[in-house]
Amino acid sequence: MLYALPDHEVMENLLPGIRDRYLSVTDAVARIHSQPGLVPVAINPHGDGLVYFADIGDTPYLEWKHIYTIERLAQDHAVGETFTTDLKILLRDDLTADCLSPKGLIFHVSRCGSTLFTKALARSPRNLVIIQGGPLQEGFWAAITDHWQHPPEISEHNILMLQNLVMLMARKRRPEYEICFLKLISWNVIYLDLICAAFPDAKALYLYRDPVEVIANVLQETTAVLCAKGGALAGELTGLLPQDTAHMSNVEYLAHCYAHYFEVVLDNSENTELSLVNYRQLRHSKAFADILARGLNSRPDNAELEQMREQYLYYSKDDTDTTLFTGDIDDMLDILTKDDKQTIKRVCNDALTRLNTSDRNIFQPAYRDQ
């Protein structure tokens, strides 16, 4: 599956020959300055690291994942120049003159309405919305953690690289672009402190859902997080020893992942710009404007707001807008046994309750008496 592979392998498959053209950092910077459509599409973390670039012109990111936009362009033979260069290009201070810094950061637990929310944002032509940008799925984090041998340092070095990477993905390739929003992949929340340090002026949202519902949903599809079980990354995802995850059931392992994500968010008490939203509110289109205003300090006019709300009519993971959204499947939870549900609640419920009742929860009064 496309999204389960390391991002550089995805790009080598989608864009054959991308790795064959290597440019020095100096030459790569010159090409970037001369071609406004050149953006980073992957990071190869092996050795000293490489950044893969592709010219996507002024194509907006409208698909429900950044990678799928590149896939569509590749299938249409609409990708221009491609090349690789050294990872150290991200330490340059002359890369981002035509870029937008994120106004909003969207973190999430998975299967919690984050795709709906960000695709709604992307319906406004003013908004440049990066939805799970390929280079941030795995490659960047693998590079700065030596393949998860240690947590990433919140250092000037790492902050500069992350800023440059994101802002190069957010080049102002269309004249109408005014605002950038960045949605991270679910497990990127474990690096919340570093990401918020890189973009201290951005508002941040954490979108979450009852893990019983999340895991039932995940088990009907899949998640790349399961590929990490038993390895070094699993230790980062769960906060446990990697070897302790190897023989867990998928349900128990996912429960520990999501509980750890919740604890990371709850421990981020110094970041007052982080707001919380439960799927129970997010799924209702009437709450959309309130979430934008209170969570992201964004107040579009009525016409733009209705344009974005239209996304609520459609299944968000159908990029053709031909599948109407009919709500959650009533029997979704039947995939879980009684023991599965008890395991998830044992591992996750304390943190879930604390999220619901946190002062940073936009809709906290809805949970106050529960």
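Two strands pair if DSSP finds at least two bridges between them. Strands (E, at least two residues) and helices (H or I, at least four) are DSSP runs, numbered from the N terminus. This is a predicted model, in which local features need pLDDT of at least 70 and side-chain atom pairs count only at pLDDT 80 or more, while totals for chains, interfaces and linings use all residues. Residues are numbered from 1 along each chain as its sequence is written, and side-chain values use heavy atoms, with hydrogens and water left out.

**Exercise 1. Trace the open sheet and find its edge strands.**

Step 1. List the strands in order. Five strands line up as β5-β6-β4-β7-β8, and their pairing is parallel.

Step 2. Find the edges. They are β5 (127-131) and β8 (274-278), and each pairs on one side only.

Step 3. Add the twist. Direction ignored, neighbouring strands are turned by 20 degrees against each other on average. Axes are lines fitted to C-alpha atoms, for helices over the stretch in contact; angles run from 0 to 180 degrees between N-to-C directions.

Step 4. Check two pairings. β4 (residues 102-108) and β6 (residues 179-183) are parallel, with four bridges. There, L105 has L182 as its bridge partner in β6. Five bridges join β5 to β6. Here L128 stands opposite C180.

**Exercise 2. Decide whether β5 is enclosed or open to the outside.**

Step 1. Fix the term. Buried means under 20% relative accessible area, exposed over 50%, and partly exposed in between (1.4 Å probe, protein chains only).

Step 2. Inspect each face. N127, V129 and I131 are buried on one side, L128 and I130 on the other.

Step 3. Conclude. Five of the five residues of β5 are buried, so the strand is largely enclosed by the rest of the structure.

**Exercise 3. Place helix α4 and follow the salt bridge of K119.**

Step 1. Locate the helix. α4 (residues 114-122) lies across β4, β5, β6 and β7 (203-208). It runs at about 150 degrees to β5.

Step 2. Check its cover. Nine of its nine residues are buried. Among them are F117, K119 and L121.

Step 3. Find the partner. K119 and D319 meet in a salt bridge (2.8 Å, N to O). The term requires a side-chain nitrogen of Lys or Arg within 4 Å of a carboxyl oxygen of Asp or Glu.

Step 4. Compare the two ends. K119 is buried at 5% relative accessible area. D319, at 32%, counts as partly exposed.

**Exercise 4. Which residue forms a salt bridge with D321, and what parts of the chain does the pair link?**

Step 1. Name the pair. D321 bridges to R123, with the closest N and O atoms 2.6 Å apart.

Step 2. Place both residues. D321 is in the loop between α15 and α16, and R123 is in the loop between α4 and β5. They are 198 residues apart.

Step 3. Widen the view. The whole structure holds 18 salt bridges.

**Exercise 5. Describe the surroundings of D55, a buried residue without a salt bridge.**

Step 1. Place D55. It lies in strand β2 (residues 50-55).

Step 2. Look for opposite charge. The nearest such side chain, R31, is 6.6 Å away. Lys and Arg count as positive, Asp and Glu as negative; His and the chain ends are not counted.

Step 3. Look at the backbone. The D55 side chain reaches the backbone nitrogen of G57 at 3.0 Å.

Step 4. List neighbours. Not counting residues up to four places away in sequence, D55 touches several residues, including Q35, L38 and E81. Contact means heavy atoms within 4.5 Å.

Methods
A polar contact is a pair of N or O atoms within 3.5 Å; within protein, one must be able to donate a hydrogen and the other to accept it, and residues adjacent in sequence count only if both atoms are side-chain atoms.
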